[in-house]
Amino acid sequence: MTIKTVDPQFARMLRGYGLTTAEVLYRMPDHPSFLQSFAWQFEDLAPEYPRLRRFLDHWEREIEAAIHSVRIMHAGLIKPRELRLVKDGGYLH
């Protein structure tokens, strides 16, 4: 008898985790007139974003740079797919 296990990453996708990209705009104390950017891509659970929240909490506590804004992009990895007709009235050969 073979015991099959579910891939942990696939199980996370089924729970709603997806690819998240966060762009943090920030200012350093020694150059407050410059707006700098940090981009980070990771798996997170929308719309709560627990991993991103932990990262931003860490940033606020440990990093001297002041966050100006955060832009979040998220794509679910498992979702319904769109089907559309490629060629009307015939077959593709």
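Two residues are in contact here when heavy atoms of theirs lie within 4.5 Å. Keep that in mind for the exercises below, and remember that this is a predicted model.

**Exercise 1. Find out how far you can trust the model, and where confidence is lowest and highest.**

Start with the whole protein: the mean pLDDT is 85, and 83% of the residues reach 70 or more. Next, go element by element. Confidence is lowest in helix α1, residues 8-14, with a mean of 84. The highest value belongs to helix α2, residues 50-62, at 96. One habit worth keeping: where pLDDT is low, the predicted coordinates should not be read in detail.

**Exercise 2. Work out the order of helices and strands along the sequence.**

First take stock: the protein has two helices and three strands. Then walk along the sequence, and you get α-β-β-α-β. Now zoom in on the strands. β1 covers residues 17-28 and β2 covers residues 31-45. These two run antiparallel and pair over eleven bridges. The link from β1 to β2 is a hairpin of two residues. For one concrete rung of this ladder, take Leu19, whose bridge partner in β2 is Glu43.

**Exercise 3. Which residues does Thr20 touch, leaving aside its neighbours within four places in sequence?**

Step one is to place the residue: Thr20 sits in strand β1. Step two is its surroundings. Thr20 has a relative accessible area of 0%, which is under the 20% cut-off, so Thr20 is buried. Step three is the contact list: Trp40, Gln41, Phe42, Asp44, Tyr49, Ile72, Met73 and His74.

Zooming out, take the contacts in the protein between residues at least 6 apart in sequence: 57% of them join residues at least 24 apart.

**Exercise 4. How many salt bridges are there, and which parts does the one between Glu43 and Arg12 tie together?**

The count is two. Take Glu43 and Arg12: their side chains meet with N to O at 3.6 Å, inside the 4 Å limit for a salt bridge. Glu43 belongs to strand β2 and Arg12 to helix α1, so this pair ties together parts that are 31 residues apart in sequence. Check the accessibility of each partner as well. Glu43 is buried at 18%, while Arg12 is partly exposed at 28%.

Now the other pair. Glu23 forms a salt bridge with Arg71, and the closest N and O atoms are 2.6 Å apart. Here strand β1, home of Glu23, is linked to strand β3 (residues 66-76), home of Arg71, across 48 residues.

**Exercise 5. Classify the ring pair of Tyr26 and Trp59: stacked, tilted or edge-to-face?**

A pair of aromatic rings is described by the distance of the centres and the angle of the planes. A search of the whole structure gives six aromatic pairs. For Tyr26 and Trp59, the centres are 5.2 Å apart and the planes stand at 65°. Angles over 60 degrees count as edge-to-face, so that is the label for this pair. Tyr26 is in strand β1 and Trp59 in helix α2, so the pair ties together parts 33 residues apart in sequence. Both Tyr26 and Trp59 are buried. Finally, follow the ring pairs outward: they link Tyr26, Phe38, Trp40, Phe42, Phe55 and Trp59 into a cluster.

**Exercise 6. Where is the cis peptide bond, and which residue has a positive phi although it is not a glycine?**

For the peptide bond, look at omega: it is about 0° between Ala46 and Pro47, where the bond is cis. Pro47 is in the loop between β2 and α2. For phi, the residue you want is Tyr49, with a value of about 50°. Tyr49 also lies in the loop between β2 and α2. At 15% relative accessibility, Tyr49 counts as buried.

**Exercise 7. Is Glu64 buried or exposed, and what separates its C-alpha atom from that of Asp30?**

Place it first: Glu64 lies in the loop between α2 and β3. Its relative accessible area is 69%, so Glu64 is exposed. Then compare sequence with space: Glu64 and Asp30 are 34 residues apart along the chain, and their C-alpha atoms are separated by 9.8 Å.

Notes: Residues numbered from 1 in each chain as written. Predicted model: local features only at pLDDT ≥ 70, side-chain atom pairs only at ≥ 80, totals over all residues. Heavy atoms only, no water. pLDDT = per-residue confidence, 0-100. Helix = DSSP H or I, 4+ residues; strand = E, 2+ residues; numbered from the N terminus. Pairing = 2+ DSSP bridges. Buried < 20%, exposed > 50% of the residue type's maximum accessible area, 1.4 Å probe, protein only. Phe/Tyr/Trp six-rings, centres within 6.5 Å; stacked < 30°, edge-to-face > 60°.
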